[in-house]
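Work through the following exercises with the sequence and the model open beside you. Each task sentence is followed by a solution that proceeds step by step.

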Amino acid sequence: MKKELNSIYKKLYSFFGPQYWWPADEPFEVMVGAILTQNTNWQNVERAIGNLKKNKSLSPGKMYKMPEKKLGQFIRPSGYYNIKAKRLKAFLKFFTEECGADFRRMAKADTAILRRQLLSVNGIGPETADSMLLYALNKPVFVVDAYTKRILSRHSLIKEGFDYQEVQNLFMQNLKNEVKLFNEYHALLVKLGKDICLKNKPRCNLCPLK
DNA sequence: CACCAGGCAAGTA
DNA sequence: TACTTGCATGGT
């Protein structure tokens, strides 16, 4: 498995090149984006974040104090805006009250403990937590998403039905635990999923993994 | 018109 | 534990 996973990475990297993730100006924006992108096209997330920026509201202080209703209107284009406003509020409460609204202080915590704390926030599941850890805080944690599972299962490296932890363990036990590698690898899998390995098209003739 | 998008929580059996 | 459903906008 070690060989397969490293080989896939090499093929993806040479085919697509570096992806320069996460597309954001600062760690706080990454964390907000991680919640907004749940089951949602990134283009719509950009609109939502654009609204917050345009109104100078993309800051922990502003978003912590802002009424949930108003926050919901700003992030409307990202979809599920009522539930996402609630989730952002829950995260802002944690970030403000437990981390002093300071990502540097947040990053000092032990990764495993911080991950459990994030998972205990309503609206933050494994992918959202790991995206924050890897892309905002530079922790060596592998992010698994729907594309990752689909691609691995299409190539018979896992069975369908593997859960998040099983897939994450597969990567973390067989790859060098390195931020740069995990960053590019996940981004490349998303790129492959978006461009080629489409949901209702099991055949992907252009697949660079073959 | 149908289907999809960088999930998660809550409800049910 | 293992399924099912609601959440919602905007693009193809």
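**Exercise 1. The surface near DNA strand C**

Task: Describe the surface near DNA strand C by residue class, and then determine which helix gives the most to it.

Solution: By class, this surface has four nonpolar, seven polar and one charged residues; the model is a predicted one, which should be kept in mind throughout. The next step is to list the residues around DNA strand C, and these are N39, T40, N41, Q43, N44, R76, P77, G79, Y80, Y81, N82 and I83. Placing them on the helices shows that α3 (42-54) and α6 (81-99) each supply at least two residues of the surface. The largest contribution is that of α6, with three residues.

**Exercise 2. The surface near DNA strand B**

Task: Establish which residues come nearest to DNA strand B, and which helix gives the most to the surface near that strand.

Solution: There are 24 residues around DNA strand B, and those that come nearest are Q38, N39, G125, T128 and N200. Sorting the surface by class gives eight nonpolar, twelve polar and four charged residues. Turning to the helices, α9 and α12 each supply at least two residues, and α9 gives the most, with four.

**Exercise 3. Two helices and their surroundings**

Task: Decide whether α9 is largely enclosed or largely open, and repeat the analysis for α2.

Solution: Begin with α9, which spans residues 126-136, and apply the criterion that a buried residue has 20 or more other C-beta atoms within 10 Å of its own. The residues of α9 that are buried are T128, A129, D130, S131, M132, L133, L134, Y135 and A136. Because nine of its eleven residues are buried, α9 is largely enclosed by the rest of the structure. The elements that cover these buried residues include α2 (27-36), α7 (103-108), α8 (111-119) and α12. After α9 comes N138, which has a positive phi, near 60°.

For α2, the buried residues are V30, M31, V32, G33, A34, I35 and L36. Seven of the ten residues of α2 are thus buried, so this helix too is largely enclosed by the rest of the structure. Its buried residues are covered by elements that include α3, α6 and α9.

**Exercise 4. The contact between the domains**

Task: Give the division of chain A into domains, and characterise the side of domain 1 that touches domain 2.

Solution: Chain A is divided into domain 1, made of 2-20 + 142-195, and domain 2, which covers 27-136. The C-alpha centres of domain 1 and domain 2 lie 24 Å apart. Across the boundary, seven residues of domain 1 are in contact with six residues of domain 2. On the side of domain 1, helix α12 (residues 179-195) provides the largest share, three residues. By class, the residues on that side divide into five nonpolar, one polar and one charged.

**Exercise 5. The setting of A101**

Task: Locate A101, decide whether it is buried, partly exposed or exposed, and name the residues that it touches.

Solution: A101 lies in the loop between α6 and α7. It has 17 C-beta neighbours inside 10 Å, and therefore counts as partly exposed. Leaving aside residues up to four places away in sequence, A101 touches P60, G61, F95 and T96. Finally, the C-alpha atoms of A101 and S59 are separated by 9.4 Å, although the two residues are 42 residues apart along the chain.

Definitions and conventions: Residues are numbered from 1 along each chain as its sequence is written. Chains are lettered from A and ligands numbered from 1 in the order in which they are written. This is a predicted model: local features need pLDDT of at least 70, side-chain atom pairs count only at pLDDT 80 or more; totals for chains, interfaces and linings use all residues. Domain bounds come from an automatic or database domain assignment. Two residues are in contact if their C-beta atoms, placed from the backbone, lie within 7 Å. Ala, Val, Leu, Ile, Met, Phe, Trp, Tyr, Cys and Pro count as nonpolar, Asp, Glu, Lys and Arg as charged, and the others, Gly among them, as polar. A residue is near a molecule or strand if its C-beta atom, placed from the backbone, lies within 6 Å of it. A residue is buried if 20 or more other C-beta atoms lie within 10 Å of its own, exposed if 12 or fewer, and partly exposed in between; C-beta atoms are placed from the backbone.
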